[in-house]
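Please walk through this protein with me, one region at a time, keeping the sequence and the three-dimensional view side by side as you read.

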Amino acid sequence: MEPRKSGDATGELRAHWSPGRVVFAGTALMVTLFVAALAGIGWYEHREAVEGRIDRGALLARVLDDHATSTLETASVALTALAELIGVADLPADPTRLNSPLTQALVGLPFMRSIALLDMDGRVLASSVGSDVGRTIELEALGSLPTQSEDTVGPFVAGRHLADVRRPSGAVSGIGFVPVLHKVPMPGGRELLLVGLVNPGAFSNYQSQTISRAGDVAVLALLDGRVIASAGDLSVAPISGATHPVFREHLDTRDHDSYVGAGFGPGRRIVAFRASGSRPLVTIVEQSYARTVEDWLLAMRWIALIGAFGLALLVVTAATVWRSLRAREAARRQREAVQARAVRHERELTVLIKSVQELIFRTDAQGAITFVNARWSAVSGESADQALGRRLHDLVDDEQRAEVDALFAPDGASGLRTAQLTLRAADGREHRFQVAVAPLLVQGRIAGFAGSAVDVTERWAAKQRLQAQLAFTGLLLEISPVPVSMTDAEGRITTVNQTWEEFFGCSRADVVGRPAVDLLQSGEAGLHAEHDRRLMRGGGRVRFEAKIAHGDGSLRDVVVTKVLVPNDRGDPLGILTTVMDVSEFREAERATRDARNVAEEASRTKSEFIANISHELRTPLQSILGFSELGLMRGRHDERLAAMFQDIHASGERMLALVNDLLDVSKIESAVGTFHLERTDLRGLIRSVAAELDPLLQRAQLRLHVELSEAPLLARVDPLRFQQVVRNVLANAIKFSPTGQSIDVSGHATPNGEIHLRVRDHGPGIPPAELDAIFDAFVQSSATKNGAGGTGLGLAICRKIVEAHGGRIRASNATDGGGVFDIHFPARPSAETQSMPIDEA
């Protein structure tokens, strides 16, 4: 190995330290030193700007803290003076006489909304706001109670006055106040509470005037983090004291400080805080760190401009020298770059052809494959090498070989040739390709073909499925029993089904392409046109009833449904219309309505007949009863005569009871009477009926056990009608209860607010098959027909009265014997008494 010559080493050294490199190194060094000097100046100015903002924030925090403390101290002094005045004068019999002194005290306290005197239960005894007097508030919402020696400051409370007090939400939003609480000792050991409502807007206004700079934030909060007032650009909701760094990290160790970090506002903040020395208050002033940086950048603009000019001059000079030194190397580098680019493009083209998802191939002049990309393996299941030398003519079915021969015809056109071919893979699967080939010409002769094939198998299969689906949809439309038509955006008919042809008596060949309104009468055409315009404007679906002329000339009642059909871009394509013939249904409705009217007229006639005949019977009955009573008086010394008149009088009484029941039934059914509903405690009405029936109970040797809830049973009822229900049910129980037994009456309110009354006896009970029938008129239970009398109308009247109140009555049998009647009255809201008509039974 020959020793390296000194000349070679010198040449290598010169090549390494070429003039261009020397210029570049010197320029880089000068630029580095220049940029370092500019960075030092900028860093110094930035530090001065941040420290100035920190000092400003500390000063603002102190000013705002002094203002807040002095404001609350003034409020405390005013409350102390008022407390001494009240304690010395003692509380008057009418505490509202203190409203005027409290109002006068506000004259010198513009920062307070109102002053109120409360007892320790939260009831407002006196207030400068008269509407607050007499209200009771939750003292917990005003914060902790004061001691005898000092007052307390509560959290921010939303609202203007004590009447608006709710539990604090923890965030300052909207109108509110800050309560200052002072305890007032009274003679006899009694204590009262003076509450001054400080307007937090006084703090916010002073804060806004003090901070003045855009982006600054001032917050006044309690030591536990609850915010009282704020000012400035709070673009996000205040974070709670539990997460703010002042309350979480700093207040435990110092009363005032400043730092740069997280705060109420977004991003980094310059925060200064100060805790009050005499009140549980913390004043926080925040300045935007980003705004400080913007101001610093604004101040640095001239230095930056000078530096940029110097750098530009240095760079331009260096670039000029660099260009002159590098000019000789440009041609060599350009030549090398062109060569490298050509090699790279060739490699990229090779990779691109391999990665293309479509099939790319090249053939010779006879159509034999000479090149194929990797897609061939995914399609055929064979390697690309196995495809070389094979002809496309041999890879397709016999019926498509003529198309392949046309693609590779030597005397064909020189342009692009296309065909759609089916290739079968090695596993038997068929793939459908859209093939395009172009001849490769050399000196005017075809030397081969270059082609590509796009796999359209899925698209072709989807097209076949779509055609099948369209055929199926057309078949469904054709066999639909409802007339269906489709119109385009101009209102011309595009298609109808067979049912439509049969309904309108027109063939589709005669109507397709014609405006749909031409097939309708003038009145029908206007209605359909209006609905079509509405659909074209707003889309959706409309449904309406109309009369349409049938093909046989008759008018039919139909329900027309129209829906807007959009195209693939969402624009209106046309309107699909269905017509449902409801003529028979409407005719049945009219027949049903006529039958109901006839039945209602018959019911009214029956009720009027019962009412008339009952009124006619009352007149002779009154005469019979009068003369029987006269006979009893005159024949009381004749035992036989007295017995005869007694029987006449008893029969007349029973007859009169029957007539009265008939009158009640007819009155309720005829909707002539009205119920006068009143909000009433049902317990008093029940006890009144029980006292009224006490002679009957004594006579039958029965006991009545009444158990009603302690809470009032409030419901809106007609008292007389309600007592009639209770009287009839109890009389029924008395009539059929064995001697010596008891009758149980209970009443309570259910969880859903209903009033539930229950009457239970120990009689023979009611056969299960007759539990509902006994409420029909003139029906009595077969188990109670013991000669005790009765018309069978009492329970019928009860059910009609209960249902007129919106309630229900039900009969059942107790497990140990006896009948049970359950009566439910709905809960009604409080309202004034009013007359209410009864619906027809």
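Two strands are said to pair if DSSP finds at least two bridges between them. With that in mind, and remembering that what you see is a predicted model, look at strand E25 (residues 742-749) and strand E26 (residues 755-760), which run antiparallel and are joined by six bridges. One of these links can be found by its residues, for Asp 744 has Arg 760 in E26 as its bridge partner. In general, the strands of a sheet pair through backbone hydrogen bonds, either parallel or antiparallel.

E25 and E26 belong to an open sheet of five strands, whose order is E23-E25-E26-E28-E27 and whose pairing is mixed. Which strands form the edges of this sheet? They are strand E23 (703-708) and strand E27 (808-813), each of which pairs on one side only. As you pass from one strand to the next, the twist averages 15 degrees.

Helices lie against this sheet. Helix H17 (residues 682-692) lies across E23, E25 and E26, and runs at about 175 degrees to E23. H19 also packs on the sheet, where it touches E23, E25, E26, E27 and strand E28 (819-825), and the direction of H19 makes about 170 degrees with that of E28.

H19 has a helix as a neighbour too. Helix H19 (residues 719-736) packs with helix H20 (residues 794-804) at an angle of about 145 degrees, the two axes being 9 Å apart, and H19 passes H20 in a left-handed crossing. On the H19 side the contact is made by Arg 721, Gln 724, Val 725, Asn 728 and Val 729, while H20 brings Gly 794, Ile 797, Cys 798, Ile 801 and Val 802. Sorted by class, the residues of this contact are six nonpolar, three polar and one charged.

In this part of the chain there is also an enclosed space to find. The second largest cavity, with about 60 Å³ of space, is lined by Ile 686, Val 725, Val 726, Val 729, Val 745, Ser 746, Leu 757, Arg 758, Val 759 and Ile 823. H19, E25 and E26 each supply at least two residues of this lining, and Val 725 and Val 729, which line the cavity, are also among the residues of H19 that make the contact with H20. The lining divides into eight nonpolar residues, one polar and one charged.

Now turn to an earlier stretch of the sequence, where another open sheet is formed by five strands in the order E8-E7-E11-E10-E9, with antiparallel pairing. Its edges are strand E8 (227-232) and strand E9 (256-261), each pairing on one side only, and the twist from one strand to the next averages 15 degrees. Within this sheet, strand E7 (residues 217-222) and strand E11 (residues 281-288) pair over six bridges in the antiparallel sense, and Leu 220 stands opposite Thr 283 in E11. Helix H4 (residues 200-211) packs on the sheet by touching E7 and E8, with a direction that makes about 30 degrees with that of E8. Helix H6 (residues 289-299) packs on the sheet as well, touching E9, strand E10 (269-275) and E11, and its direction makes about 40 degrees with that of E11.

How many cavities of 30 Å³ or more does the structure hold? There are five, and the largest of them contains about 100 Å³ of space. Its lining includes Leu 359, Phe 361, Trp 376 and Phe 433, and strand E12 (359-364), strand E13 (369-372), strand E14 (417-424) and strand E15 (430-442) each supply at least two of the lining residues. By class, the lining of the largest cavity has twelve nonpolar residues, with no polar and no charged ones.

Finally, consider a space of the open kind, the second largest pocket, in which about 370 Å³ of space lies. Of the 24 residues that line this pocket, Thr 487, Ala 516, His 528, Asp 532 and Lys 562 lie nearest its centre. Strand E17 (484-488), helix H12 (498-504), helix H14 (522-538) and strand E21 (572-581) are the elements that give two or more residues to the lining, and H14 gives the most, with five residues. The lining of the second largest pocket divides into 14 nonpolar, five polar and five charged residues.

Key: Residues are numbered from 1 along each chain as its sequence is written. This is a predicted model: local features need pLDDT of at least 70, side-chain atom pairs count only at pLDDT 80 or more; totals for chains, interfaces and linings use all residues. Side-chain values use heavy atoms; hydrogens and water are left out. Axes are lines fitted to C-alpha atoms, for helices over the stretch in contact, and angles run from 0 to 180 degrees between N-to-C directions. Helices (H or I, at least four residues) and strands (E, at least two) are DSSP runs, numbered from the N terminus. A crossing is left-handed if the near helix is turned anticlockwise from the far one by less than a right angle, and right-handed if clockwise. Contact means heavy atoms within 4.5 Å. Ala, Val, Leu, Ile, Met, Phe, Trp, Tyr, Cys and Pro count as nonpolar, Asp, Glu, Lys and Arg as charged, and the others, Gly among them, as polar. On a 1 Å grid over the protein atoms alone, a cavity is a set of points where a 1.4 Å probe fits but cannot get out, and a pocket is an open set with protein on both sides within 12 Å along at least five of seven lines; lining residues have an atom within 4 Å of a point. Grid points are joined across faces, edges and corners, and a volume is the space filled by probe spheres set on the points.
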